[in-house]
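Q: Could you take me on a close look at the empty space inside this protein, and at the packing around it? I would like to know which parts of the chain form the walls.

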Amino acid sequence: MAVHSKFLCVGFKSGKTLVFDHLGNINSLASIPLHAGPINQISIDEKGEHVATCSDDGKVAVTGLVAVDNSVVIIMDRPVKSIAIDPSYYRSGSGRRIVTGDDRLTLHEKNFFSRYRSSTLHEGEGIVNNIQWRGRFLAWATAVSVRVYDIVARRTISLIKREHKRGSDWEKMRCQLYWRDDLTLVVGWGTEVKVCRVRKRYDTDIESRELPNFLVEILSMFVAEFTVCGLGHIGDQLTILSSSPDGTENPVLRTVEYHPESYTETSLVEWPLQEKANYTPNDFHLLCLSEEFVFFLVSPKSVVIARQRDAEDHIQWLLDHGMFEEALSDVSQPSGRNLKKYSRLSIGRSYIDFLLDKDDYEKAASVCEQVLGKDKILWEQEFSKFLEKKQLRAICQFLPVDSYGILSSTVYEAVLIEFLYSDSDLFLELISKWPKNIYRVELVINETLKYISSGSNDEDITLLTALALLYINQGGYEKAMTLYLKLQRSDVFYLIQKHRLFKAALFKVSELMDLDPSQTVTLLTDNIDLFPVEVIVSKLSNQTHLLFLYLDALYQRDSRDFSRPYHNDLLNLYAEFGRGKLLPFLKTSDFYSIPNALDILKEKDFVPELIYILDRMGNIRDALDMIVTRLRDIDQAIEFCQRHDDRELWDQLLGYATDNPDFVLAILHKTGTKIDPKSLIERIGPKTEIPGLRNVLVEILRDFSIQIELEENCQKVLVGDCFNLQEKLMNLQKSSLCIEGISTCHSCSQRLIMQDEKKLMDIVMFKCNHSFHKPCLGDQVKCLICTFDPTDLQIL
């Protein structure tokens with residue numbers, strides 16, 4: 001068999017030769033003459049226009065597939081075992097050369113008279129069983145060696161001998177020759193592989209020794225663990241069709257990296273033969289189109305095409321091994337967009353079915369989300385599979401739930417109703433998460449009410465919460481508010497604010513207060529116009545503590561005196577529930593009854609508050625008495641006396657001090673000059689012991705001494721300032737004033753000093769340096785400029 005990028009040419013034992021395309025279809029237009037014996041070798045020129053065949057019948061035929069002008073049949077007197085056509089045979093002027101092999105190597109070329117002339121290139125080494133021609137170099141194999149021939153120079157450039165001994169089993173093995181490129185020849189013989197490279201000799205060697213222009217170097221030589229049946233290459237790697245020597249095992253296509261004396265196997269694929277026969281390694285062949293990464297494996301009864309695995313092959317391998325996630329990842333890459341057989345969707349759906357068969361429902365649902373996108377039909381098809389297997393729990397979390405959904409509302413309703421009866425927690429979660437527009441809210445509400453009323457579910461907090469959310473989705477906010485209050489949910493306040501349910505909330509004030517007094521009070525006081533104070537007070541009249549919270553908050557933020565009518569009530573409530581706020585209230589409010597406050601404070605015995613009320617009523621003596629006798633707070637008593645600055649009040653305080661030495665020290669220390677220390681000291685009994693009195697008196701005397709010294713120093717400063725200012729005034733009055741000759745009157749703007757004696761006028765100069773003619777002043781005795789009053793101007 002021979003292969004070209006355009007076609008295949010197969011020779012049979014019967015002598016028939018057929019042309020096929022790469023898909024295996026016979027080309028009936030390509031007619032190749034029949035031989036009478038088995039076809040031994042086929043060769044095709046570079047353009048694929050001519051096919052050369054040889055046979056045991058002694059015929060050599062060149063057939064033109066495009067035109068028959070250059071077709072020729074050469075009759076030999078012996079069986080022809082091998083043949084090679086000139087790669088440039090199609091080109092006119094190429095000599096139309098053919099090389100044949102039997103017990104010699106013969107070159108056939110057309111001469112000037114269009115006749116073929118034959119010449120022997122080599123003989124004496126037995127049968128030539130394989131010839132390969134590439135560019136200007138020809139390689140052939142005999143039972144002894146492989147030779148490389150320069151067809152241009154017409155001389156052999158290299159001899160490659162076989163390494164095994166004659167007479168061994170390798171004697172029967174056919175030598176495989178393969179030109180990897182114009183200069184690289186691969187030789188496979190039994191288990192031996194040699195990679196040879198043709199290179200040009202150095203000029204000095206050529207001239208001195210008359211050697212060929214080219215030589216062959218061996219780049220790699222290794223012995224394999226298999227028999228070589230055919231050779232090819234992919235990139236920098238070799239492809240080898242191998243078999244066991246006895247043919248009992250199937251052939252294997254291997255890819256190897258070669259090294260100088262070894263090799264590394266990178267991949268292998270077994271060739272499963274369909275036919276059952278006792279074949280030898282010589283029965284198998286390998287041909288390749290390296291540019292297309294296509295290989296042809298030939299046996300006596302079949303031809304198999306082997307191609308390099310592409311992305312689709314890789315995907316298929318992953319799918320065959322159940323590696324769906326890796327397949328999805330690969331097809332999602334940019335390189336996966338060019339796949340024709342597979343898509344992310346097709347692989348994903350296969351993966352979903354695979355997972356469902358394995359009962360891995362959660363994973364299958366997550367894959368649905370990855371691959372189905374927003375295709376309504378696909379989603380509903382896959383949903384039906386989960387519904388059939390009763391696995392809505394797995395798929396519900398992955399259903400597409402955009403603002404308006406992409407699936408039929410019945411899909412979402414089926415899920416909700418399923419979990420209404422089986423899992424109320426999940427039912428609530430979905431109601432909270434899903435947009436209201438993707439299912440019929442009224443239908444779900446009716447189903448929920450039906451289920452709640454059917455048994456003992458009327459107290460199920462989860463179901464009632466879900467029902468409240470459904471009412472919100474439907475717009476039944478007041479119903480939702482009622483359920484929230486029943487459930488004691490604090491987000492009822494957010495619901496009231498957001499949807500302005502103030503009118504409904506007015507009837508639920510007590511329930512709201514029981515739920516959260518703080519938020520209720522904030523709601524009521526923030527919306528006073530919508531929650532009338534008198535109505536709220538009426539509703540809370542029997543709940544005094546709640547009423548206190550409300551009125552207190554109202555008073556704290558009242559800007560329009562809404563709380564004014566209730567200050568007496570608030571006074572009682574402060575006394576009952578909030579004494580800490582009572583005194584500030586008494587100080588800031590003017591709308592409570594003072595007598596009533598006095599009675600309450602006396603009843604409660606609230607001394608600080610009572611002192612304030614007594615002070616406010618003008619009963620300052622009783623107030624001071626309570627400060628001293630009840631509170632025993634001398635500092636407050638002193639401050640109280642200082643604030644009122646009443647002599648009799650001071651006397652009352654001094655009267656208390658005579659019986660309490662601590663009071664004496666405090667009064668002497670803090671009152672300063674407000675009282676006469678002598679009057680206080682005279683009230684102290686002669687035998688009364690007051691610890692620290694001496695130090696206090698010394699401090700008082702020192703303060704008086706400092707005060708006298710300060711007054712004297714201030715007096716000296718004032719006297720000094722008076723003398724300095726007096727001297728400054730005298731110097732100012734003694735100073736001269738200059739009138740220049742060009743100076744003008746500030747009233748008439750004429751010169752003050754006239755050259756004409758008849759027009760001389762008296763001049764008046766003020767201390768402000770402004771000068772006038774005396775007639776210009778008239779009766780005015782002050783400077784007209786410095787005494788100018790803008791209000792005297794008249795605007796015309």
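A: Strands S15 (155–161), S17 (184–189) and S18 (192–200) each supply at least two residues of the lining of the largest cavity. Please keep in mind that this is a predicted model. The residues to pick out around the largest cavity are Ile160, Lys161, Arg162, Val187, Trp189, Glu192 and Lys194. By class, this lining divides into 3 nonpolar and 4 charged residues, with no polar ones. The volume of the largest cavity is about 50 Å³, and the count of cavities of 30 Å³ or more comes to 1.

Now for an open space. The second largest pocket has a volume of about 430 Å³. Its lining is made up of 18 residues, and those nearest the centre of the pocket are Leu253, Val269, Ala306, Arg307 and Arg309. Four strands each supply at least two residues of this lining: S22 (252–258), S23 (263–270), S25 (294–299) and S26 (302–307). Strand S26 gives the most, with 4 residues. In the lining of the second largest pocket, 10 residues are nonpolar, 4 are polar and 4 are charged.

From the spaces, let us turn to the packing. The largest nonpolar core holds 132 residues, and the ones that touch the most other members are Leu399, Phe427, Tyr439 and Tyr550. Helix H11 (residues 461–474) contributes the largest share of this core, 9 residues. A second core, separate from that one, has 25 residues, including Ile240, Leu241, Trp271 and Leu297.

Phe427 is a good residue to centre your view on. Setting aside neighbours within four places in sequence, Phe427 is in contact with Leu416, Phe419 and Leu420 on the one hand, and with Val444, Thr448, Leu463, Ala466 and Leu470 on the other.

One more helix is worth a visit. In helix H21 (residues 594–604), the buried residues are Ala597, Leu598, Ile600 and Leu601. These buried residues of H21 pack against three helices: H19 (567–577), H20 (582–588) and H22 (607–617). If you follow the chain just past H21, you come to Asp605, which takes a positive phi of about 60°.

Notes
Residues are numbered from 1 along each chain as its sequence is written. This is a predicted model: local features need pLDDT of at least 70, side-chain atom pairs count only at pLDDT 80 or more; totals for chains, interfaces and linings use all residues. Side-chain values use heavy atoms; hydrogens and water are left out. On a 1 Å grid over the protein atoms alone, a cavity is a set of points where a 1.4 Å probe fits but cannot get out, and a pocket is an open set with protein on both sides within 12 Å along at least five of seven lines; lining residues have an atom within 4 Å of a point. Grid points are joined across faces, edges and corners, and a volume is the space filled by probe spheres set on the points. Ala, Val, Leu, Ile, Met, Phe, Trp, Tyr, Cys and Pro count as nonpolar, Asp, Glu, Lys and Arg as charged, and the others, Gly among them, as polar. A nonpolar core is a set of buried Ala, Val, Leu, Ile, Met, Phe, Trp, Tyr and Cys residues joined through side-chain atoms within 4.5 Å. Buried means under 20% relative accessible area, exposed over 50%, partly exposed in between (1.4 Å probe, protein chains only). Contact means heavy atoms within 4.5 Å.
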